[in-house]
Amino acid sequence: MLTIPRPRRLAAAAVAAVGALCVSVLPAAATPQQAPSAKAAASVASTASTASAALGAITPFSVYEAEGGTPGGGAAVRALTSAPTTQYSSAVLEASGHSYVHLDGTGQSVQWTNTTGQPISFLNVRASIPDSASGGGITGTLDLYVDGVFRQALNLNSKQSWVYEGNGNYNTSDDQNPADGDPRVFWDESHTFVTGAPIPAGATFSLRKDSDNSASFYDVDSVDVENPPAPRTQPADSISITSCGAVSDDTPTNGAADSRSVDSRAAIQNCIDQAEQQGKTLWIPQGTFYVKGTAGLDAQGITIAGAGL
């Protein structure tokens with residue numbers, strides 16, 4: 001499923017390879033004959049600190065870690081406190097910062113304050129909810145509050161998470177049989193526009209498990225927040241996937257393709273082929289486009305752009 005929410009900037013369908021560059025800045029080791037002076041050591045530490053602070057991409061969104069928020073109603077922060085004792089994964093190993101907030105009772109929550117200086121109109125929640133007993137995931141909702149007032153229910157699911165390493169399945173990505181044991185890939189991301197007015201600067205916002213939130217637990221790792229711009233328009237010298245027959249279904253189901261929706265795989269591949277042959281950009285407009293089955297899309301040597309991420 002290719003989902004292109006209205007305002008974000010890059011096409012989700014692009015499958016663009018954006019390399020992550022990891023750079024370590026370490027102070028130079030002193031030779032055995034001469035230890036660095038205190039002044040030199042302080043200078044090295046200051047340089048390393050400045051360089052470390054400058055690492056990473058500049059993004060249009062801000063990230064709020066759950067453990068940096070305020071747990072409420074008995075919610076607990078879970079963190080990695082010692083080295084793992086097995087080779088198998090866990091939710092805390094896969095969590096950013098190796099910590100998250102666990103909600104398993106009605107009224108439990110985690111709250112943040114909007115310190116971005118901007119309104120927030122878009123949320124991307126990294127969370128985990130349980131697998132189904134037979135595998136394949138479940139769906140569930142988690143409630144968003146703004147300044148203590150209910151705003152909307154967020155749709156979460158575990159249909160693309162919870163794969164199992166047991167029975168020699170280590171490093172596979174398609175075993176969703178809980179009987180095999182040793183789960184991994186606990187986290188998934190769900191994104192939505194904020195219903196009603198954006199969350200103003202200085203306001204609080206929280207995720208809370210209410211009585212109608214049916215999953216037995218909700219693990220919250222982080223929330224990306226943004227006030228994205230209007231959607232981009234189709235550029236010149238580009239081919240839109242809709243001109244090749246791709247059809248948007250803007251009322252997608254939570255975590256699974258609607259059986260009534262159109263399979264746009266062939267149309268999108270046709271458009272990719274045309275873009276390659278004509279040296280044009282492939283354009284993905286606003287909308288949700290389903291690619292059903294297991295056949296993939298093959299694109300080489302072209303630019304893929306879209307109305308939003």
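Visitor: Over how many bridges do strand β6 and strand β13 pair?
Guide: Happy to start there, and please keep in mind that this is a predicted model. Strand β6 covers residues 109-113 and strand β13 covers residues 204-208. Within this pairing, Val-110 stands opposite Leu-207 in β13. The two strands run in the antiparallel sense, and their pairing extends over 5 bridges.

Visitor: Which strands stand at the edges of the open sheet, each with a single partner strand?
Guide: The sheet has 5 strands with antiparallel pairing, in the order β3-β6-β13-β8-β9. A strand with a single partner has one side left without a neighbour in the sheet, so the edges belong to β3 (70-72) and β9 (149-157).

Visitor: By how much are neighbouring strands of this sheet turned against each other on average?
Guide: Let's stay with the open sheet, whose order is β3-β6-β13-β8-β9. With direction ignored, the average turn between neighbouring strands is 25°.

Visitor: What kind of aromatic pair do Tyr-64 and Phe-205 form?
Guide: A pair of aromatic rings is described by the distance of the centres and the angle of the planes. For Tyr-64 and Phe-205 the centres are 5.6 Å apart and the planes stand at 90°. Planes over 60 degrees apart count as edge-to-face, so the Tyr-64 and Phe-205 pair is edge-to-face.

Visitor: How many residues apart are Tyr-64 and Phe-205?
Guide: Tyr-64 sits in strand β2 (residues 62-65), while Phe-205 belongs to strand β13. Both residues are buried. Their pair links distant parts of the chain, 141 residues apart.

Visitor: Which residues form one aromatic cluster with Tyr-64?
Guide: We have already met one of its partners, since Tyr-64 and Phe-205 form an aromatic pair. The cluster also takes in a tryptophan, and the residues that join Tyr-64 are Trp-112 and Phe-205.

Visitor: Which parts of the chain does the pair of Trp-162 and Phe-186 tie together?
Guide: The ring centres are 5.0 Å apart with the planes at 80°, so this pair is edge-to-face. Both Trp-162 and Phe-186 are buried. Trp-162 lies in the loop between β9 and β10 (163-164), and Phe-186 in the loop between β11 (183-184) and β12 (188-193), so the pair ties together two loops 24 residues apart in sequence.

Visitor: What share of the residues of the chain count as buried?
Guide: The chain holds 3 helices and 18 strands. Its accessible surface comes to about 16300 Å², with 52% belonging to carbon and sulfur atoms. Of its 309 residues, the buried share is 39%.

Notes. Residues numbered from 1 in each chain as written. Predicted model: local features only at pLDDT ≥ 70, side-chain atom pairs only at ≥ 80, totals over all residues. Heavy atoms only, no water. Pairing = 2+ DSSP bridges. Helix = DSSP H or I, 4+ residues; strand = E, 2+ residues; numbered from the N terminus. Axes fitted to C-alpha atoms, helices over the stretch in contact; angles between N-to-C directions. Phe/Tyr/Trp six-rings, centres within 6.5 Å; stacked < 30°, edge-to-face > 60°. Buried < 20%, exposed > 50% of the residue type's maximum accessible area, 1.4 Å probe, protein only. Areas by Shrake-Rupley, 256 points an atom, 1.4 Å probe, with all protein chains shown as cover.
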